[in-house]
Amino acid sequence: MNLRGTASRLQVPNVKTVLVDAVGGNTERNSVTILSNEPQLRVGLAWVWTQLGDTHTIFGRKEPIMDIIALAYLGLQSSKLDDWSALATNLLGMQQVETSGDLRRFRMDDRMQRLIIDSSEGDDIGYFGFEAADIAALDRVTARIEAEGLAVTRGSRALADKREVAELIVFHDPAGHRIEIVIGPKIASDPFVPGRPISGFRTGALGMGHVVLQVENIELLMPFYRDVLGFGMSDYGLEPYGLYFFHINGRHHSFAMIGTGRRGFHHFMVELYSLDDVGQGYDLAQLESGRIAYTLGRHTNDWMTSFYVHTPSGFFIEYGWGGRTIDPATWVPHETNVGPSMWGHDRPFMTPDMQAKFRDMRLQCGRNGLRQPVQVMPGNYALSEGVCPWFDAQKRAAE
Ligand SMILES: [Fe+2]
C-alpha cells in the first residue's frame with residue numbers, strides 16, 4: 001500500500017497494490033484519487049470497483065459522542081388504524097396494548113410501548129424517539145442543538161406520561177422532522193405477549209431496530225446527525241445519491257438517510273431472535289396479495305437476513321434476523337458501492353430496468369464470492385461438525 005497526504009487517517013486496510021493520493025488535510029472527509037490501474041480497492045469491508053483517475057470520498061474515523069444510545073420508539077401518523085393493527089400483530093408479532101380513540105400502541109418487549117400509530121393529525125411521518133444515556137447526556141445534546149439555532153422544548157409532564165418516559169426534549173431537525181430524546185423509559189409490569197408465536201424481538205441495548213428516511217437535502221442533514229446529535233457513521237454511498245448509515249450502539253445502523261429528493265420514511269426494521277420467526281412471517285406475508293415488497297435476502301452492510309413488506313402508510317417494514325453488531329469505539333466508516341444485498345431482496349414493485357440493475361449488483365457479489373459469517377447469539381445455535389472435505393480444504397488453503 002502506498003498512501004500519500006493524510007494517509008494515516010484513511011484507515012484503508014487490506015489494500016495491497018493500489019496507489020492513492022489522499023487529499024483533504026486533517027478532516028473527517030478525504031478525497032482519494034486512484035493513481036494505479038488496480039481494478040479493486042478494498043475499503044473497510046467493501047470492495048470498491050475503481051480505475052485509474054477515479055476519485056472516492058472517505059470519511060475518517062471520528063470519536064463517537066454516544067450521548068444518544070438507542071432508538072426508543074417510533075410514532076406514525078396514519079388514518080389506517082385497523083390495517084396497522086392487523087399488520088403489527090398478525091404478521092410482525094407485536095402486542096397491541098391500546099385500541100382506544102385515535103391511538104394504537106404496540107409493545108415489542110418489556111417496554112410500555114415501541115410503536116405508536118396516531119390518526120388524530122392526518123397521514124405523515126410522526127416522530128422518532130431516541131434514548132439518551134442519562135440526564136447529563138440529555139443536557140449536552142440540548143446545548144448542542146440550541147447552539148445550532150434550533151428551538152428545543154422540554155416535554156410537559158403530560159407528554160412524558162403519554163410517551164411512558166421520565167423526561168424528554170422535543171425539537172425539529174433542519175428538515176423539520178420531529179425528534180424526541182428521552183430518558184427513563186418505563187418498563188411494563190406484565191410480560192410481553194406477542195401477537196403470534198415468535199421467540200421475540202432483539203431490542204435491549206440495541207434499541208427498537210433501525211429507521212431509514214428519504215430526505216430532500218441530505219447534505220444539510222448529514223452533519224446535523226453526525227456532529228450535533230453525535231451519531232457515528234457506519235458506511236455510506238455517494239451514487240446515484242447520498243446514502244448514509246449511522247450507529248448509536250452496537251447495532252450496525254439505527255438510523256439512515258437516503259437523499260432521494262423525496263421526504264418520508266423509506267422503512268423501519270425490527271429484528272427477531274430466531275431465523276424461523278422471519279421465515280414463518282415470510283410464509284404469512286405471502287398469503288396476502290401484494291404484501292411482499294422485497295423478497296427474502298441478505299444485506300451487504302449489516303448482514304441482516306430479511307424481507308420487506310408494504311405498510312398501510314406507503315413505506316416498508318424490514319423484518320430481519322442475524323444482524324451484525326459492531327464496536328463503535330474502533331469502527332471506521334467506509335464507502336460502499338457493492339449494492340445493498342449480497343443475494344435476494346428482489347423488488348417486484350420496481351420497473352424491470354431497476355429490478356435488473358439491483359439483480360446485476362447481486363450477481364456481481366456472487367461472482368466476487370461475497371459471503372459473511374452467520375451472526376448468532378448464545379443459545380440459538382449449535383455448532384456442526386466439519387463434514388465437507390472440499391470446504392475444509394478450501395479453508396485450509398486460505399489460512
Ligand atoms: Fe434496513
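**Figure 1. Edge strand E24 and its partner E20 in the predicted model.** Arg298 stands opposite Trp343 in E24. The model shown here and in the views below is predicted. Strand E20 (residues 292-299) pairs with E24 in the antiparallel sense, over three bridges. Both strands belong to an open sheet of ten strands with mixed pairing, ordered E23-E16-E17-E18-E15-E19-E22-E21-E20-E24. The edges of this sheet are strand E23 (334-335) and strand E24 (341-344), each of which pairs on one side only.

**Figure 2. Strand E15 between its two partners in the ten-stranded sheet.** In the strand order, E15 sits between E18 and E19. Strand E15 (residues 210-214) is joined to strand E19 (residues 264-272) by five bridges, and the two run antiparallel. Within this pair, Val211 has Phe268 of E19 as its bridge partner. On the E18 side the sense is parallel: E15 and strand E18 (residues 255-258) share four bridges. There, Val212 has Ala256 of E18 as its bridge partner.

**Figure 3. Thr336 in the loop between E23 and E24.** Is Thr336 buried or exposed? Thr336 has 22 C-beta neighbours inside 10 Å and therefore counts as buried, the cut-off being 20 or more. The loop that holds Thr336 connects E23 and E24, which are the edge strands of the ten-stranded sheet. Leu238 is 98 residues away from Thr336 in sequence, yet their C-alpha atoms are 8.5 Å apart in space.

**Figure 4. The eight-stranded open sheet.** The strands follow the order E8-E9-E10-E7-E11-E14-E13-E12, and the pairing is mixed. Strand E8 (95-98) and E12 stand at the edges; each has a single partner strand, so one side of each lacks a neighbour in the sheet. On average, neighbouring strands of this sheet are turned by 25 degrees against each other, direction ignored. At the E8 edge, E8 and strand E9 (residues 103-107) are paired in the antiparallel sense over three bridges. In that pair, Glu98 stands opposite Arg105 in E9. Helix H1 (residues 81-91) lies across E8, E9 and strand E10 (115-118), and runs at about 10 degrees to E9.

**Figure 5. Helix H2 on the eight-stranded sheet.** H2 lies across E7, E11, E12, E13 and E14, with an angle of about 155 degrees to E14. Why does the span of helix H2 (residues 135-147) agree with the expected value? At 1.5 Å a residue, its 13 residues should span 18 Å, and the end C-alpha atoms are 18 Å apart. Leu138, Val141 and Ile145 are the buried residues of H2. Seen down the axis of H2, the buried residues fall within an arc of 65 degrees, so they line one face of the helix. Ala136, Ala143 and Ala147, on the other side of H2, are exposed. The cover over the buried residues includes strand E7 (68-77), strand E11 (124-132), strand E12 (152-154), strand E13 (167-172) and strand E14 (178-183), along with helix H4 (218-228). After H2 comes Gly149, with a positive phi near 85 degrees.

**Figure 6. Helix H6, a hardly covered helix.** How many of the 16 residues of H6 are buried? The count is one. For helix H6 (residues 352-367), 1.5 Å a residue gives an expected span of 22 Å; the end C-alpha atoms are 22 Å apart, which agrees. Just after H6, Gly369 has a positive phi of about 70 degrees.

**Figure 7. The low-confidence stretches, set against the chain.** Over residues 1-31 pLDDT stays under 50, and the model has 63 contacts beyond four places in sequence for this stretch. Residues 34-51 also stay under 50, with 51 contacts beyond four places in sequence. Where pLDDT is low, the predicted coordinates should not be read in detail. For the chain, the mean pLDDT is 85, and 84% of the residues reach 70 or more. The chain contains seven helices and 24 strands. Of its 399 residues, 37% count as buried. Among contacts in the chain with a separation of 6 or more, 61% come from residues 24 or more positions apart.

How values were computed: Residues are numbered from 1 along each chain as its sequence is written. This is a predicted model: local features need pLDDT of at least 70, side-chain atom pairs count only at pLDDT 80 or more; totals for chains, interfaces and linings use all residues. The expected span of a helix is 1.5 Å times one less than its number of residues. A residue is buried if 20 or more other C-beta atoms lie within 10 Å of its own, exposed if 12 or fewer, and partly exposed in between; C-beta atoms are placed from the backbone. The arc is that of the directions from the helix axis to the C-beta atoms. Two residues are in contact if their C-beta atoms, placed from the backbone, lie within 7 Å. Two strands pair if DSSP finds at least two bridges between them. pLDDT is the predictor's confidence in each residue, from 0 to 100. Axes are lines fitted to C-alpha atoms, for helices over the stretch in contact, and angles run from 0 to 180 degrees between N-to-C directions.
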